[in-house]
Amino acid sequence: MTKTLRQSGTLAGFVAIIVFFAWNLPETFLTPRNLINITQQLSMLAVVAATMTIVMVMNDFDLSVGSMASLSGIVAAMLFAADYPIWVGLLAAVGVGLLGGLFNGVLVSLIGILPFVATLGTLTVFSGAAFLISDGRTIFGRDIPSAFSGFARGGVPLDAIGLEGISLPFLTLTAACVIAICWFTLEHTTFGRRLYAIGGNAEAAHLAGLKVKRLRLIAFGLTGLGAAIAGLMFAARVASANPTQGSGLMLDAIAAVFLGMTMSRRGEPRVLYTLVGVLMLGILDNGLTQMQVDSYVREILVGLIVISAVAVASLSKARR
């Protein structure tokens, strides 16, 4: 396998998927309305994957993002149900995500537990907390303020560019903002360069004077913050919250980051490459749904994609 083939294989696969669905779904797949719909469906995953990239830059993982998103959504919904103002629910949910992320950071960077083990443990802790405070029930209906759920239904009209009756969803715009912030942070700030230095060689970064433990702590906090934002977006979109709402986000986010890593020359996570991975998974999901393929087939495909992407990324790193 040549370096060029490794780097272009994912992109070629991405284009092949688009061509396949465009050929088989000529009347529905490449329509502006469906493409806009895909960006809205992907917005929560895009937020989680972009912030997951921050910790994966350091060769770390956060397996708890899905349960953290569920817990954040539940916390906000419980406060809405208790007639607290919307801003209180939003701040509480974001605070839960940030604290959860920092807790992961403490376990990994200060106590020294392996990220896989630490976040696997907190996955169950956050999930159990979501079930505990909600009594395992779904919160929906009048308990969810219309101003909150209305945000997910709103958007910016695209009439000015000839797409009458179609709007660019606020959820898509929110995800775009988070992606832009993550990209700028990792690619154009000293903080981002230090995270890449830790990912290259943590011991060398420490000897060079970097505060490795503090940087890892902050990175995990930012990933938790992203999970909380995604949880709120999810709750707003479906106008409800339940303890398992974000359970599917973790695997897809990791898959997206690994897919992006296969396009990197040095096999490193990059936010823009992660975005291509997110789009690839979203288009695959949208196309298979339109073709009425069983959802289990989609799960099998995602699993195979993860295995393939990890194998290619490992080969790229091994040959650096």
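Good morning. I begin with the second largest cavity, which has a volume of about 30 Å³. The structure is a predicted model, and the count comes to two cavities of 30 Å³ or more.

Which residues line the second largest cavity? They are A46, A49, A50, I179, V271, T274, L275 and V278. Helices α2 and α12 each supply at least two of these lining residues, and α12 provides the largest share, with four. By class, the lining divides into seven nonpolar residues, one polar residue and no charged residue.

I turn now to the pockets. The largest pocket holds about 680 Å³ of space. Its lining comprises 26 residues, and Q41, G248, D252, D285 and R298 are the ones that lie nearest the centre. Five helices each supply at least two residues of this lining: α2 (32–56), α10 (212–238), α11 (249–261), α12 (271–290) and α13 (295–318). Of the helices, α12 gives the most, namely six residues. What is the make-up of this lining by class? There are 11 nonpolar, nine polar and six charged residues.

The second largest pocket has a volume of about 200 Å³. Helices α4 (86–110), α6 (146–153), α7 (170–188) and α10 each supply at least two residues of its lining. The largest share, four residues, comes from α10. Among the lining residues are I86, L90, F148, F151, L171, I229 and M233. In this lining, 11 residues are nonpolar, one is polar and none is charged.

Next, the salt bridges. Side chains of opposite charge can pair when their charged atoms come close. How many salt bridges does the structure hold? It holds three.

One of them joins the side chains of R216 and D60, at 2.7 Å from N to O. R216 belongs to helix α10, whereas D60 sits in the loop between α2 and α3 (65–81), so this pair ties together parts that are 156 residues apart in sequence. Are these two residues buried or exposed? Both R216 and D60 are buried.

Another salt bridge is formed by the side chains of R270 and E187, again with an N to O distance of 2.7 Å. This pair also links distant parts of the chain, for R270 lies in the loop between α11 and α12 and E187 in helix α7, 83 residues apart. R270 is partly exposed, with a relative accessible area of 24%, and E187 counts as partly exposed at 23% relative accessibility.

R270 also meets E268 in a salt bridge, at 2.8 Å from N to O. E268 has a relative accessible area of 14% and is therefore buried, the limit for that class being under 20%. E187, E268 and R270 are thus linked in a network of salt bridges.

Two further features remain. On the surface, L114, F116, V117 and L120 make a nonpolar patch of about 400 Å². V117 lies in helix α5 (residues 115–134) and is partly exposed, with a relative accessible area of 47%.

Finally, F14 is found in helix α1 (residues 3–24) and is buried, with a relative accessible area of 13%. How far apart are the C-alpha atoms of F14 and H206? They are separated by 38 Å, and the two residues are 192 residues apart along the chain.

Methods:
Residues numbered from 1 in each chain as written. Predicted model: local features only at pLDDT ≥ 70, side-chain atom pairs only at ≥ 80, totals over all residues. Heavy atoms only, no water. 1 Å grid on protein atoms, 1.4 Å probe; cavity = no way out; pocket = protein on both sides within 12 Å on 5 of 7 lines; lining within 4 Å. Points joined across faces, edges and corners; volume = space filled by probe spheres on them. Nonpolar A, V, L, I, M, F, W, Y, C, P; charged D, E, K, R; others polar. Patch = residues over 30% accessible without salt bridge, like charges linked within 9 Å, V, L, I, M, F, W, Y side chains within 5 Å. Areas by Shrake-Rupley, 256 points an atom, 1.4 Å probe, with all protein chains shown as cover. Salt bridge = Lys/Arg side-chain N within 4 Å of Asp/Glu carboxyl O. Buried < 20%, exposed > 50% of the residue type's maximum accessible area, 1.4 Å probe, protein only.
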